[in-house]
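I opened my notebook and set out to walk through this structure one stop at a time. Come along and check each entry against the view.

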Amino acid sequence: MVVKVENIDEIVRIDKYLGTVTEYSRSKIEEMISKDLVLVNGKSIKSSFKFKNGDEITLPDDYIKPIEVKGEDIDLDIVYEDEYILVVNKPSGMVVHPGNGNMSHTLVNALLNHTDKLSDSNGYFRPGIVHRIDKDTSGLLLVAKNDKVHAIFAECFKNKTIKRVYVALLKGEYNHMSAVIDAP
């Protein structure tokens, strides 16, 4: 991939600039620079290199190998479904979406097996996922089947017109109506 620097008014570090004009994260760019895979006008550079208009930056096209997220035949506890949304009861122990160390057996893998109609607003690893809960927490999750519904849900969470309620079951006697849990 070749990036021709044009119309830059301010001096910016090259790693920061490439993080905004390429698909690579800043940390991946820094990693490529440390391996001398990023060249400016044919020469290796450091992350702190300051470039200028007219410079030609060359970096590999295929440094990040695409990872395929596949549907898996995992039972889903679907509480509600229509053409726009799914409400899924996620069990404790299940990760919501693929990520570092959890590329399979996630809710997303199960959703991809269930339907091909999921929003893609949250990226490749999180189709349909509007919000999440921790691996060890069970509960209901809203899943968007298209980008318009996803945007509506996201706005509702932002404006707090959708509320999340957590319920904890306690064993033993507790004399208070509310409490603060200050632990993981």
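**Entry 1: a loop residue**

I started with Asp36, which sits in the loop between H2 and S2. I kept in mind that this is a predicted model. Is Asp36 buried, partly exposed or exposed? Its relative accessibility is 47%, so Asp36 counts as partly exposed; the exposed class begins over 50%. Next I looked up the backbone: phi of Asp36 is near 60°, a positive value in a residue other than glycine. Asp36 follows helix H2, so I turned to that helix next.

**Entry 2: helix H2**

Which residues of H2 are buried? I found Ile29, Met32 and Ile33. They cover an arc of only 100° around the axis, and therefore lie on the same side of H2. I then checked the face turned away from that buried side, and there I met the exposed residues Ser27 and Ser34. What do the buried residues of H2 pack against? They pack against H1.

**Entry 3: helix H1**

That contact took me to H1, which spans residues 14-21. Its buried residues are Ile14, Asp15, Tyr17 and Leu18. Their arc around the axis is only 160°, which puts them on the same side of H1. I noted that Asp15 is on this buried list, although aspartate counts as charged. I also asked what the buried residues of H1 pack against. My list reads S1, helix H2 (26-34), S2 and S4.

**Entry 4: the four-stranded sheet**

Three of those neighbours are strands, S1, S2 and S4, so I looked up how strands come together in general: strands of a sheet pair through backbone hydrogen bonds, either parallel or antiparallel. In what order do the four strands of this sheet lie? I read S1-S4-S2-S3 across an open sheet, with antiparallel pairing. At its edges are strand S1 (2-4) and strand S3 (43-44), each of which pairs on one side only.

I picked one pair to follow more carefully. Strand S2 (residues 39-40) and strand S4 (residues 56-58) are antiparallel and share two bridges. Which residue in S4 is the bridge partner of Val40? It is Ile57.

**Entry 5: the S5-S6 hairpin**

Further along the chain I stopped at strand S5 (residues 78-81) and strand S6 (residues 85-90), which run antiparallel and are joined by three bridges. How many residues does the hairpin use to get from S5 to S6? Three residues make the connection. To see the register of the two strands, I wrote down two pairs. Tyr80 stands opposite Val87 in S6, and Glu81 stands opposite Leu86 in S6.

Then I asked whether S6 is mostly covered or mostly open. It is mostly covered, with five of its six residues buried.

**Entry 6: from S6 to S7**

S6 has a further partner: it pairs with S7 in the antiparallel sense over six bridges. I looked up Leu86 again, and its bridge partner in S7 is Val143. Leu86 also stands opposite Glu81, so I could trace a path from S5 through S6 to S7 by way of this residue.

**Entry 7: the largest pocket**

Strand S7 (residues 139-144) led me to the largest pocket, since S7 gives the largest share of its lining, four residues. How much space lies in this pocket? I noted about 450 Å³. The lining has 18 residues, and Ser138, Gly139, Leu140, Val165 and Tyr166 lie nearest the centre of the pocket. By kind, the lining divides into 11 nonpolar, four polar and three charged residues.

**Entry 8: the loop after S6**

My last stop was the loop between S6 and helix H3 (107-114), where I found Asn100. Asn100 counts as exposed because its relative accessibility is 83%. How far is its C-alpha atom from that of Glu173? The separation is 40 Å, for residues 73 apart along the chain.

His105 lies in the loop between S6 and H3 as well. With 57% relative accessibility, His105 counts as exposed. Its phi is positive, about 65°, although His105 is not a glycine. That brought me back to my opening entry, where Asp36 also has a positive phi, near 60°.

Definitions and conventions: Residues are numbered from 1 along each chain as its sequence is written. This is a predicted model: local features need pLDDT of at least 70, side-chain atom pairs count only at pLDDT 80 or more; totals for chains, interfaces and linings use all residues. Side-chain values use heavy atoms; hydrogens and water are left out. Two strands pair if DSSP finds at least two bridges between them. Buried means under 20% relative accessible area, exposed over 50%, partly exposed in between (1.4 Å probe, protein chains only). The arc is that of the directions from the helix axis to the C-beta atoms. Contact means heavy atoms within 4.5 Å. On a 1 Å grid over the protein atoms alone, a cavity is a set of points where a 1.4 Å probe fits but cannot get out, and a pocket is an open set with protein on both sides within 12 Å along at least five of seven lines; lining residues have an atom within 4 Å of a point. Grid points are joined across faces, edges and corners, and a volume is the space filled by probe spheres set on the points.
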